[in-house]
Amino acid sequence: MKGSYLLTTLVIALMVFSCNQKTDEGYSMQKKVFGDYDGKEVVLITLKNSEGNTLKLTNYGATIVWIEVPDRDGNMENITFGYETLDEYTNGDPYFGSVVGRYANRIAKGKFILDDIEYNLAINNGMNTLHGGPGGWHSVVWDYEITDNEENIPSVIFRYHSPDMEEGYPGNMVIEVTYQWTDNNEIIIDYNCSTDKKTVLNITNHAYFNLKGAGNGDILDHEVTILASQFTPVDQDLIPFGENIAVEGTPFDFTQSHIVGERIEEDNEQLVLGGGYDHNFVLDNVEEVDAIVYEPKSGRMMEMITDQPGVQLYCGNFLDGTEAGHGGKVYEHRGGLCLETQHFPDSPNQSAFPSSVVEPGSPFKSRTVYRFSVK
Ligand code: BGC
């Protein structure tokens, strides 16, 4: 009796975890079936580093589902927005933790001209295109490879082939996004994208963070530093009008740390247009760390490091409390903030902005790191 019970348990365990590696180094990598989408299997991958902290990912949208790190007293909490079921990911469109492409953020009127050819994109944000269009990379199933590479760092490589003219963008693009979860509690994200035709690209990750724990109130009390002396002000459609403006003397000056709530309600035209902070900051790229978020009660800190020219600080202004995620916790208005590393919004139409063009033979390579610690 006991033997058959054990056998059944073993079989179920094998069915649930088709891969379960616990290594001598103390880290582990597991996967289980999350569901099916578009005729493809979707999995939930759990990486534990040797410190016992957890990063969960899914190949639907190459998405970060869960980041569990301690506060200064060692209490563990998931600090990013995510869902418990695949259906919630496929039914909603909030980009929780997903990779966003082929062009993250907005392209005005959903069109641009490249070498005298006008390309018309799928429109999904008023008259404009947002985050690659309705069928962007957040909404497709990626191939994946779970690996601990040569350095024993639990990692996942996601791969996707974006066909020529997908959502209106030219060129077959091969995309590789690698997440490494280090013992230093860093998520290292490497993007590697190549094309067979001249195209435009802006790829990012759209994770929402709340360092008190996802669903534990708003982020107005989070202290933010962004080493950016300028930002790109926007029009009523949140499209930059092409000029970089100095942050000095404005509520956009985060070169010294400020809590989010300190100035977010100020009567400032840009804040009114964004419903709060929803703007691209022009990174100075002078220090190793480009941005810091600190939550004083938990003591949790997140440092962000990137080689990209910009970062979108988005404070969940469009969240209205109708989204609930892990454990049924409600993600309220301004319940999370995003630091989306990027090229500037609408660059394909703005010649003064750093070019977002990718050419055949010159793959785009970029790295962004989110590092978690306590203070
Ligand atoms: C944009 C917001 C948008 C949000 C959607 C952000 O990157 O800047 O304007 O509402 O994504 O999740």
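Start by selecting Arg-102, in the loop between β7 (99-100) and β8 (106-107). This is a predicted model. Add Gly-101 to the selection: a cis peptide bond joins Gly-101 and Arg-102. Omega there is about 5°.

Next, go to Ala-62. Look in the loop between β4 (54-58) and β5 (63-70). Ala-62 is not a glycine, yet its phi is positive, at about 45°. Is Ala-62 buried or exposed? Ala-62 is buried: its relative accessible area is 0%, and the cut-off for buried is under 20%.

Now select Arg-334. The loop between β25 (310-314) and β26 (338-342) holds Arg-334. Here too a residue that is not a glycine has a positive phi, about 55° for Arg-334. Arg-334 has 6% relative accessibility, so it counts as buried.

Zoom out to the whole protein chain. How many helices and strands does it have? The secondary structure comes to 3 helices and 28 strands. The radius of gyration is 21 Å, close to the 21 Å that the globule rule gives for 375 residues, so the chain is as compact as a globular protein of that length. Turn the C-alpha trace along its principal axes: it spans about 75 × 50 × 40 Å.

Colour by burial. Buried residues make up 57% of the 375 residues. Then show contacts between residues at least 6 apart in sequence: 64% of them join residues at least 24 apart.

Finish with the surface and the charges. The protein chain exposes about 15,400 Å², and carbon and sulfur atoms supply 50% of that area. Select the 25 positive and 57 negative charges: their mean positions are 5 Å apart.

Key
Residues are numbered from 1 along each chain as its sequence is written. This is a predicted model: local features need pLDDT of at least 70, side-chain atom pairs count only at pLDDT 80 or more; totals for chains, interfaces and linings use all residues. Side-chain values use heavy atoms; hydrogens and water are left out. Helices (H or I, at least four residues) and strands (E, at least two) are DSSP runs, numbered from the N terminus. The radius of gyration is taken over C-alpha atoms; the globule rule is 2.2 Å times the number of residues to the power 0.38. Buried means under 20% relative accessible area, exposed over 50%, partly exposed in between (1.4 Å probe, protein chains only). Contact means heavy atoms within 4.5 Å. Accessible areas come from the Shrake-Rupley method with a 1.4 Å probe; for residues, only the protein chains shown count as cover. Lys and Arg count as positive and Asp and Glu as negative; His and the chain ends are not counted. The place of a charge is taken as NZ of Lys, CZ of Arg, CG of Asp or CD of Glu.
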